[in-house]
Structures are given as structure tokens and as C-alpha cells.
Amino acid sequence: MNLNLLARELGASVVDCSDEFFGAADALLLAADPQRPGTYGLRGADVDGWESRRHNPADHDWVVVRAAHPGRVDEIVLETTGFRFNAPQHIGVDVADAPDGPWREILSGAVVEPNCVNTYPVADPGGSAAFVRLRMYPDGGVARLRAHGVVDVERSVPPAGIRLSDVRLGCRVRASEGSFGSPWAVISHAVPTSTHDGWETPRRSRADRHFVELSWPDAVRLHALEVVASPFRGNCAAQIAVEVPDGPAWREAGVFDITPGATSPVRFASPLTGRRVRVRALPDGGFSRLWFYGDRLSLAQTHVQEEQ
């Protein structure tokens with residue numbers, strides 16, 4: 001079996017969806033088998049999956065997922081376990097290189113069986129893609145979505161250098177405040193589990209007051225950053241500002257947009273060198289992880305001396 005390109009544990013994330021009144025779209029990417037909670041809340045029966053409300057004014061509901069890595073999709077697996085009377089009637093699947101298209105259809109009019117695992121081979125996968133869009137007609141619920149395929153190694157280029165956001169390299173974290181979550185969570189290697197698994201500012205906070213600061217015992221050279229905002233969606237920062245020390249003050253090295261509920265790559269125009277870096281959430285809000293990539297200068301200098 002090929003790799004599941006939509007595996008959350010590999011970094012896939014939901015970008016947007018038309019409606020998730022009864023069940024959150026993030027559940028589509030979970031690795032665990034779907035359960036039947038058997039409990040009820042204010043919106044009816046609790047479900048382990050994505051479920052939209054009834055009487056959709058449009059002809060279908062949709063969800064857009066950022067793949068863990070760009071790749072070719074050879075098979076779609078749609079699990080409807082637990083959805084016996086509320087599964088969609090049929091689905092379509094599209095792929096694209098951007099979250100807003102243009103979209104290329106790889107599956108159309110596929111009939112959905114309730115309360116089971118539906119498997120659909122893709123007859124003409126075409127090239128690789130970075131985003132997958134599921135369309136379900138006319139509405140309903142789905143437990144899990146998987147897209148088995150092959151990673152496009154030409155496009156899935158890892159950030160330059162090693163991941164420096166690591167306690168094993170002496171990385172330390174402090175924050176201006178910690179009302180929500182722990183600032184140490186931003187350098188965790190684990191996939192974020194909830195919006196409490198990260199760092200978040202109060203609402204309507206002064207952005208110039210709140211920050212997360214990472215520091216190292218020796219100087220580092222930073223080439224890139226991955227900002228993981230999953231599963232932050234309604235409370236995600238709109239942008240981040242990256243700052244480096246400039247004498248006794250801090251100098252802004254760049255302001256970058258981040259995508260709610262997704263991983264946003266940031267590549268610096270020129271490397272940032274030093275022992276400390278700050279990240280501010282603009283205008284407020286939070287994120288799960290700050291994964292900086294680059295080189296440890298002490299090691300780089302040692303390698304140069306050895307080569308000479």
C-alpha cells in the first residue's frame with residue numbers, strides 16, 4: 001500500500017470547509033479507527049468524523065486538505081463507519097497546487113456506501129498535487145479520508161539544515177505570557193493534539209507586548225521556519241513577526257502570513273545569525289509549533305577546519 005498523503009501525523013492539515021456543524025473536519029485525518037461515542041450534545045449525537053448540517057443550500061459540501069507532502073494520488077479511501085443514515089450519496093475529489101485551485105478532478109460521481117470503508121482507485125491521477133478537495137453530495141458525514149499515493153521527491157524539499165527547535169540542542173523557550181497553553185509546546189516534535197497544545201495570546205492583546213523567544217547556548221544560522229497552526233483555526237494568528245537582537249533592542253527580520261489550521265513554510269531572504277530569535281503573533285492569537293531550520297555555527301566551523 002502506498003503512503004497516505006493526508007496523514008495528520010506526517011503534517012497534513014485541513015485548510016477550509018463549507019460547514020462542520022455536527023463534526024469537525026480535522027477528524028478526517030486522524031489515524032485511529034473511528035469510534036461511535038454514543039453521547040449527545042447541544043447539536044445532537046456526537047460523531048467521530050466530519051459532518052455538515054442538513055438542507056445544504058448549495059448542491060454539495062466540501063473540505064480542502066493540505067497534503068503532508070506533494071504527491072501523486074492513486075487511491076482514495078473514504079470511511080463512513082458510524083455514519084449509517086447520514087452518509088453522503090456520492091462524492092467527487094479534486095487536486096491542486098494551491099488551496100484555491102485551479103482544481104483538477106480525479107474522481108467523479110463515486111457512490112458512497114454507509115457505515116463501511118469505501119475504496120476508489122484513481123484511473124488517471126495525472127501529476128502531483130499539494131492539496132486535495134473532497135466534495136460530498138448533497139451533505140452528510142464522513143469518518144476518515146485517506147489519499148494513498150507517492151511523494152513527489154522533486155517538490156517535497158525539506159528545509160535547509162537541521163531542525164534547531166530541539167531541547168537536545170540546548171534550545172530554550174520563554175514567552176511574554178502564558179494564559180493559554182505552554183510556550184514549551186512550540187518546540188515539541190509531536191503532532192499537536194488540540195488548541196491547548198501550543199501557545200496563544202489573549203484576545204485583543206497588544207501585539208508589541210507578547211512574544212515567544214527561542215534561545216541557544218551557541219550561535220546558530222537560521223534559514224527557514226515552519227509555523228504549524230493545526231489545529232488552531234478560529235483563534236490562529238493572522239501573521240507572525242520574526243525579530244532578532246539588535247544591540248539592546250530587537251530588529252524585525254520579516255512579517256509573514258500564516259494559514260489557519262495548516263503548516264506555513266517561511267524561508268528567510270537571508271540567514272538570521274545569533275543566539276536568540278523572537279516570534280510575535282499578529283494581531284493576536286496562537287499557533288502550535290515553531291520549527292526553525294539551519295546550522296549550528298560551532299559545528300559548521302569545525303567541519304570547515306577539518307576539511308582544510
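Among contacts in the protein (heavy atoms within 4.5 Å) between residues at least 6 apart in sequence, 79% join residues at least 24 apart. The structure is a predicted model, in which local features need pLDDT of at least 70 and side-chain atom pairs count only at pLDDT 80 or more, whereas totals for chains, interfaces and linings use all residues. Residues are numbered from 1 along each chain as its sequence is written, and side-chain values use heavy atoms, with hydrogens and water left out.

The secondary structure consists of one helix and 22 strands, taken as DSSP runs numbered from the N terminus (helices, H or I, at least four residues; strands, E, at least two). The C-alpha trace spans about 65 × 45 × 30 Å along its principal axes. The radius of gyration, taken over C-alpha atoms, is 21 Å, which agrees with the value near 19 Å for a compact globule of 308 residues; the globule rule is 2.2 Å times the number of residues to the power 0.38. The accessible surface, from the Shrake-Rupley method with a 1.4 Å probe and, for residues, with only the protein chains shown counted as cover, amounts to about 14,900 Å². Carbon and sulfur atoms account for 50% of that surface. Of the 308 residues, 49% count as buried, where buried means under 20% relative accessible area, exposed over 50%, and partly exposed in between (1.4 Å probe, protein chains only).

The structure holds 16 salt bridges, each defined as a side-chain nitrogen of Lys or Arg within 4 Å of a carboxyl oxygen of Asp or Glu. One of them joins the side chains of Arg144 and Asp48, with an N to O distance of 3.0 Å. Arg144 belongs to strand S12 (residues 144–151) and Asp48 to the loop between strand S4 (44–45) and strand S5 (50–51), so the pair ties together parts that are 96 residues apart in sequence. Both ends of this bridge are buried, Arg144 with a relative accessible area of 1% and Asp48 with 15%. In the salt bridge between Asp166 and Arg168, the closest N and O atoms are 2.8 Å apart. Here the partners fall into separate classes: Asp166 is buried at 6% relative accessibility, while Arg168 is exposed at 67%.

A further salt bridge is formed by Arg280 and Glu243, with 2.8 Å between the closest N and O atoms. This pair links distant parts of the chain, Arg280 lying in strand S20 (residues 263–282) and Glu243 in strand S18 (residues 239–246), 37 residues apart. Arg280 and Glu243 are both buried. In addition, Asp94, Glu105, Arg133 and Arg135 are joined into one network by salt bridges that share partners.

The surroundings of Arg280 include further polar contacts, defined as pairs of N or O atoms within 3.5 Å; within protein, one atom must be able to donate a hydrogen and the other to accept it, and residues adjacent in sequence count only if both atoms are side-chain atoms. The side chain of Arg280, a residue buried at 12% relative accessibility, makes such a contact with the side chain of Glu243 at 2.8 Å. Another polar contact, of 3.3 Å, joins the side chains of Arg280 and Glu252. The C-alpha atoms of Arg280 and Arg144 are separated by 35 Å, the two residues being 136 residues apart along the chain.

Two loop residues show further polar contacts. Asn56 is located in the loop between S5 and strand S6 (61–79) and is buried at 18% relative accessibility. A polar atom of the Asn56 side chain lies 3.0 Å from the backbone nitrogen of Ala58, and the side chain of Asn56 also reaches the backbone oxygen of His60 at 2.8 Å. Beyond its neighbours within four places in sequence, Asn56 is in contact with Asp61, Pro138 and Asp139. His210 occupies the loop between strand S16 (199–200) and strand S17 (212–228) and is buried at 10% relative accessibility. The side chain of His210 is joined to that of Ser176 by a polar contact of 3.2 Å.

With a disulfide defined as a pair of cysteine sulfur atoms within 2.5 Å, the count comes to zero disulfides. The sulfur of Cys236 is 15 Å from the closest cysteine sulfur, in Cys17, which is too far for a bond. Cys236 is buried, with a relative accessible area of 13%, and Cys171 is buried with 2%.
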